[in-house]
Amino acid sequence: MVITIVMYMDNMFSLLDISEVKQPVKADLKSVIPVYSKILNEGVVREPIVVEETTNVALKGYETLEALNLLSVEKVPVMKIDRSKVEVRSLHTVSPVRLEDILIAGLRGPKLPYNSFKIQIDAQIPALEVSLSDLNVRDIKRSNLRVYYDTLELLYKDWPTPLVRLRSFSSANRDVWAKLEWANPYSNSIKDRVGWSMMMAALEDGILGDIIYEATSTNTGIAITAIANLLGKRTKLFLPKTIQRASDFFLKVLGADVIRLPVGLTVEAIGEVDARSKTDGATHLNQFENDANLKVHLKYTAREIDEQLKSVGLKPDCIIGGLGTSGHMSAISIYFKSKYGSSVKVISVQPAPNEVIPGIRRIETGMKWIHWTEFDQIVDVTRREAIEGVLAVARKEGLIIGLSAGAVFSAFNRIARDEGVYVLIFPDSGYKYSEQFEEYFRGLGEF
Ligand code: PLP
């Protein structure tokens with residue numbers, strides 16, 4: 001859909017580089033998502049961001065600005081306003097917010113809390129209609145020769161991760177594609193994206209201390225420790241007892257402090273990790289609650305899949321993935337349902353009751369973002385089925401996928417019809433899970 005700018009009333013609007021527009025508040029992501037969805041659905045921005053004319057600090061349209069950032073635009077429509085036309089009503093009684101405070105928060109930070117003030121503008125803000133394509137949505141492209149100046153670039157400048165057609169499971173009417181998230185450099189998993197996003201957000205907010213505590217089932221811990229090493233910080237990681245022993249060694253290689261807690265699920269450790277981080281003055285990033293998790297998948301993972309399929313003339317009919325924090329599948333559902341409506345089915349996979357599959361867990365154990373969107377179906381998979389999924393992919397396609405990826409494949413196998421475009425999200429490879437494979441083969445009497 002190409003809609004050009006239809007209205008530039010009296011030159012009141014201009015397009016500014018998004019980097020020039022200063023966000024003074026920490027916009028609440030739950031309030032941003034409806035704006036993000038609407039813009040993605042319509043392909044059009046209908047309100048300008050009102051900015052103070054000398055500083056370009058945003059005074060209205062915080063949700064739109066954040067939504068446009070998540071949509072990777074280079075330009076944003078702004079309406080400049082003289083500060084004499086601005087009236088600030090503080091909602092903070094203890095230390096009232098003045099216009100000066102908002103401008104300083106935008107220019108230097110730290111950002112002000114969402115809803116800590118209201119702004120009245122003594123001017124009409126007329127409607128506008130600017131198409132997303134006029135805002136120069138950034139291309140998803142990596143350097144052709146793959147030369148990187150540091151390992152962080154190797155992470156985010158190497159995206160998109162591959163999308164590969166699984167030929168042996170495809171047919172004349174069915175295309176099956178796998179998104180290979182092990183092609184991330186640190187944890188060889190989808191969690192590098194989240195570790196990077198949370199660490200960068202904490203750095204930007206000025207809350208990243210010298211030591212970081214996190215409850216992890218391995219992958220997030222590896223990602224955070226790797227990035228902490230680059231920044232000269234340390235990590236202490238809390239792993240449930242159910243996770244394979246190999247994780248301790250990988251984490252030790254990276255220099256992390258590892259503590260095993262007597263819990264079955266990573267999420268059950270959050271209370272203790274939070275309490276200890278407060279006592280010890282450590283930073284707790286908390287992947288289960290930290291919106292930087294959802295954001296990185298909205299901005300990159302989901303859009304990559306869309307652009308990659310578009311490049312071969314396809315649109316997905318069904319996307320299948322596993323649920324841990326629910327970060328990547330919630331973002332994928334928000335993105336694709338906003339853009340294509342119910343024509344894209346989004347299916348999530350959880351372990352069957354009392355089953356342990358590393359990286360994923362059941363919805364009733366509590367997830368934040370899953371409630372912000374819809375899923376068409378939730379499929380239960382046993383650990384045995386997940387491992388059989390791993391074997392099926394390895395023996396037909398030659399790829400040794402991880403257990404949660406095996407669960408995704410198993411769910412696909414159960415629900416797929418013989419037509420349509422399917423995308424399977426494979427969060428990591430199988431190499432961390434040799435203990436689970438050993439146990440499986442022993443159970444079959446093959447060892
Ligand atoms: N699979 C693996 C191997 C993981 O490590 C994780 C998350 O830790 C997931 C799946 C679930 O991803 P998410 O937390 O985005 O729901």
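## A guided tour, from loop to helix

Select P160: this residue sits in the loop between α4 (151–156) and β9 (163–165). The model on screen is a predicted one. Now show the backbone on the N-terminal side of P160. The bond joining W159 and P160 is a cis peptide bond. Its omega is about 10 degrees.

**Stop 2: R193**

Keep W159 displayed and add R193. W159 is one of the residues in contact with R193, once neighbours within four places in sequence are set aside. The others to display around R193 are T161, K179, E181, N184, V296, H297, Y300, T301 and E304.

R193 belongs to helix α5. Is R193 buried or exposed? R193 has a relative accessible area of 0%, so it is buried. Now pick T301 from that set of neighbours. The side chains of R193 and T301 are joined by a polar contact of 3.5 Å.

**Stop 3: α5 against α6**

Zoom out to the whole of α5, residues 191–204. Add α6, residues 219–231. Two packed helices are described by the angle between their axes and the distance between the axes. What are those values for α5 and α6? The angle is about 45 degrees, and the axes lie 8 Å apart. The angle makes α5 oblique to α6. The crossing of these two helices is right-handed.

Now colour the contact residues:

- On α5, select K191, D192, G195, W196, M198, M199, M200 and L203.
- On α6, select N219, T220, A223, I224, I227, A228 and L231.

Colour them by class next. The contact of α5 with α6 has 10 nonpolar, 3 polar and 2 charged residues.

**Stop 4: T218, on the way into α6**

Select T218. T218 is in the loop between β11 (211–215) and α6. Check its backbone torsion. Phi of T218 is positive, near 135 degrees, and the residue is not a glycine. With a relative accessible area of 1%, T218 is buried.

**Stop 5: T235**

Go to strand β12, residues 234–240, and pick T235. T235 is buried, at a relative accessible area of 5%. Which residues does T235 touch, not counting those up to four places away in sequence? They are I211, I212, I224, T225, A228, A256 and D257. I224 and A228 were also selected on the α6 side of the contact with α5.

Show the side chains of T235 and T225. They make a polar contact of 2.9 Å.

Then draw a distance from the C-alpha atom of T235 to that of S330. These residues are 95 apart along the chain, and the separation of their C-alpha atoms is 28 Å.

**Stop 6: α11 against α13**

Select α11, residues 383–397, together with α13, residues 434–443. Their axes come within 11 Å. The axes cross at roughly 100 degrees, so α11 and α13 are roughly perpendicular to each other.

Show the side chains at the meeting point:

- From α11, take R383, R384, I387, E388, V390, L391 and R395.
- From α13, take Q436, F437, E439, Y440 and F441.

How many residues of each class are in this contact of α11 with α13? The split is 6 nonpolar, 1 polar and 5 charged.

**Stop 7: R89**

Move to strand β6, residues 86–90, and select R89. This arginine has 47% relative accessibility, so R89 counts as partly exposed. Now display F117 and K118. R89 touches both F117 and K118, leaving out residues up to four places away in sequence. F117 is 28 residues from R89 in sequence, yet their C-alpha atoms are 5.6 Å apart in space.

**Stop 8: P110**

Select P110, in the loop between α3 (99–107) and β7 (117–121). Look at the bond leading into it. The peptide bond from G109 to P110 is cis, with omega near -5 degrees.

**Stop 9: N56**

End at N56. Where is N56 found? It occupies the loop between β3 (49–52) and β4 (58–60). N56 has a positive phi of about 65 degrees, although it is not a glycine. At 11% relative accessible area, N56 is buried.

Terms used:
Residues numbered from 1 in each chain as written. Predicted model: local features only at pLDDT ≥ 70, side-chain atom pairs only at ≥ 80, totals over all residues. Heavy atoms only, no water. Axes fitted to C-alpha atoms, helices over the stretch in contact; angles between N-to-C directions. Helix = DSSP H or I, 4+ residues; strand = E, 2+ residues; numbered from the N terminus. Parallel < 35°, antiparallel > 145°, perpendicular 65-115°, else oblique. Left-handed = near helix turned anticlockwise from the far one by under 90°. Contact = heavy atoms within 4.5 Å. Nonpolar A, V, L, I, M, F, W, Y, C, P; charged D, E, K, R; others polar. Buried < 20%, exposed > 50% of the residue type's maximum accessible area, 1.4 Å probe, protein only. Polar contact = N/O pair within 3.5 Å; in protein donor to acceptor, adjacent residues only side chain to side chain.
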